[in-house]
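Q: I'm new to this one. Could you give me a close look at its charged side-chain pairs, and then show me what else helps to place them in the fold?

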Amino acid sequence: MIRSRLKGVLEECFDRGVAEGAWSAAGAGRFALELPKREGQGDYATNMALVLAGIEKANPRELAARIAAMLETGSDLVDRVEVAGPGFVNIFIRPGVWREVVPQIIARGRDFGRSTVGGGRKVMVEFVSANPTGPLSIGHGRQAILGDAIARLLAVTGHDVFREYYYNDAGRQMRVLGESTRARYLELLGLPNQFPEDGYQGDYILDIARSLMNEVGDSLKDHTDVTPFKEKAERHIFADISATLERMGIAFDNYFNEHSLYEDGKIDEVVAELRAKGYVYEKDGAVWFRTTEFGHEKDRVIIKNTGEPTYRLPDIAYHREKFRRNFDWLVNIFGSDHIATVPDVLAGVRALGYDDSKVTVVLHQFVTLTRDGRQVKMSTRKATFVTVDELMNEVGVDVVRFFFMMRKADSQLEFDLDLATKESQENPVYYVQYAHARLCSILAQAREKGVERADCASVDLSLLVQPEELLLFKTMSAFPAMIETAALELAPHKVIFYLMELAGQFHSYYNKHKVITEDLALSRARLCLVDALLVVLGNGLAFVGLTAPEKM
């Protein structure tokens with residue numbers, strides 16, 4: 001909004017300076033317009049003078065003074081300009097300009113904050129991709145919500161988003177799942193059994209075995225092939241995962257079956273292609289990938305001496321299939337335990353001739369639950385981990401989503417259960433959602449008191465002169481740029497930070513100023529501010545998959 005308009009004014013000043021011979025055109029597009037880091041340094045600041053001084057070998061403060069003079073006389077946006085430090089230009093916007101954002105926000109409504117910056121760019125977001133060997137843990141839950149929020153933000157900024165879950169239904173872990181289920185099945189029948197040393201211990205395995213026994217009785221008691229046990233467990237667990245995802249409001253466009261890479265010969269094709277390019281060799285009965293050719297310290301095994309592929313090989317094959325589907329950008333959301341394998345997969349992508357710069361990997365850190373300042377387990381029923389369902393049962397879906405987005409992905413997340421269950425403004429989720437509910441309450445009070453609202457395009461907004469009102473205008477005007485940044489940087493935590501800041505500013509304003517007063521004109525102006533705040537808070541919550549309650 002105002003920032004983009006001011007950027008245009010700044011570019012006009014640059015072009016004017018070129019025309020007047022004050023500097024060359026070499027600095028075009030190299031200067032920035034940013035929000036100052038400290039209060040009192042203007043509404044925006046530009047480093048144009050510093051950039052030009054480096055190019056032209058000129059005095060930056062002298063150039064800054066010339067730019068300041070151009071800005072003060074060349075735009076009705078600018079109130080005043082100051083030269084600071086070595087040559088920064090601090091720009092102060094006229095208060096009346098900030099008020100103009102209110103009718104613009106209301107006019108755009110649910111579209112405020114949406115943009116076309118993505119230009120229809122085709123983006124695949126792969127996330128969750130949990131093995132169907134157990135319910136979703138809280139670690140998977142964080143990944144699910146990060147991926148979903150990123151996909152939502154990319155969609156609202158004009159990207160063509162495709163969501164995919166890589167369905168890991170092949171390999172050793174699935175065989176162990178089948179063996180674990182078979183052992184529990186025999187145990188329920190009262191027959192001798194040997195539980196695998198590294199088997200899945202959770203009670204959910206016993207539930208699956210009991211369900212299988214109820215279906216087929218003892219007809220599988222002599223089956224040494226674990227396939228029917230594996231298939232039963234896989235169906236049961238994936239139904240559980242799907243129900244959890246649906247409960248969180250998460251849907252996928254496609255589930256890619258890892259097993260298809262084997263059935264369709266894709267794994268063999270990749271090995272053959274890497275071999276033909278000289279990137280594969282055999283040693284000690286295993287097949288090795290020359291990752292040292294791509295700057296790595298050592299080569300990696302892609303097929304063990306048992307003939308079983310390591311997880312790197314199907315991941316490389318899967319990424320080849322992604323590229324073959326002609327996406328412009330591939331976004332992968334992984335847990336931090338993937339940090340060592342990501343470079344190997346990207347090396348495989350490069351070895352196969354694809355542009356690995358089109359792949360962006362977001363690695364998220366782990367989640368710990370605390371109560372009374374101590375780490376806790378909420379249940380042992382689902383084995384050694386806490387499930388997302390258990391967490392949602394205790395604190396609710398919105399709280400889980402909000403808390404999982406409240407930190408940068410690469411920061412470890414401590415989930416404070418005491419804080420999450422509080423219905424007070426100490427709880428950041430309550431704090432933000434209560435701001436929205438409070439705004440709705442103000443409008444309801446206005447109706448009860450017979451205060452008729454007018455078209456905000458014709459209301460006298462010049463009555464909104466309080467410092468708190470000016471601050472709200474400025475923060476609301478920054479919303480579209482913030483959404484674009486959060487989307488392009490794959491950083492939904494920026495939206496959460498913004499919502500908390502805006503909610504805090506509104507609560508402070510509300511505690512200091514009455515919206516509905518004896519002054520009808522002032523009341524109408526402030527109701528327009530309420531309308532605009534409702535739009536911004538509502539859109540901000542919706543854009544990352546959170547609800548905006550009207551009552552609390």
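Salt bridges up close

A: Let's start with E215, which is exposed, at 51% relative accessible area (exposed is over 50%, buried under 20%, partly exposed in between, with a 1.4 Å probe and protein chains only). Keep in mind that this is a predicted model, where local features need pLDDT of at least 70, side-chain atom pairs count only at pLDDT 80 or more, and totals for chains, interfaces and linings use all residues. Residues are numbered from 1 along each chain as its sequence is written, and side-chain values use heavy atoms, without hydrogens or water.

The partner of E215 is K232: the two form a salt bridge whose closest N and O atoms are 2.6 Å apart (a Lys or Arg side-chain nitrogen within 4 Å of an Asp or Glu carboxyl oxygen). This pair links distant parts of the chain, since E215 sits in helix α8 (residues 203-216) and K232 in helix α9 (residues 227-247), 17 residues apart. Helices are DSSP runs of H or I, at least four residues, numbered from the N terminus. While E215 is exposed, K232 counts as buried, with just 8% relative accessibility.

Now look at E269 and R320, whose side chains meet in a salt bridge at 2.6 Å, N to O. Here too, distant parts of the chain are linked: E269 belongs to helix α11 (residues 266-276) and R320 to helix α12 (residues 312-324), with their positions 51 residues apart. E269 is partly exposed at 31% relative accessible area, whereas R320 is buried at 2%. And this pair has company: salt bridges that share partners join E269, E273, R320, E321 and R324 into one network.

For a pair inside one helix, try R175 and E179, with their closest N and O atoms 3.9 Å apart in a salt bridge. R175 and E179 are 4 residues apart in helix α7 (residues 172-188), so about one helical turn separates them. Both ends are partly exposed: R175 has a relative accessible area of 36%, and E179 comes in at 29%. Across the model, the count is 36 salt bridges.

What about the greasy side of things? The largest nonpolar core has 136 residues, and L245, F415 and M476 have the most contacts inside it (a core is a set of buried Ala, Val, Leu, Ile, Met, Phe, Trp, Tyr and Cys residues joined through side-chain atoms within 4.5 Å). Helix α21 gives the most to this core, with 14 residues. Leaving aside residues up to four places away in sequence, L245 touches V128, L136, A144, Y165, I250, F252 and Y255, a contact being heavy atoms within 4.5 Å. Another core lies apart, with 30 residues, including Y166, I267, V280 and F327.

Helix α21 also takes part in a covalent link. C456 and C528 form a disulfide, with their sulfur atoms 2.1 Å apart (the cut-off is within 2.5 Å). C456 lies in the loop between α17 (428-448) and α18 (467-477), and C528 in helix α21 (residues 520-543), so the disulfide ties together parts that are 72 residues apart in sequence. Both C456 and C528 are buried. By contrast, C440 is in no disulfide, and the nearest cysteine sulfur to it, that of C456, is 15 Å away.

Notes. Helices (H or I, at least four residues) and strands (E, at least two) are DSSP runs, numbered from the N terminus.
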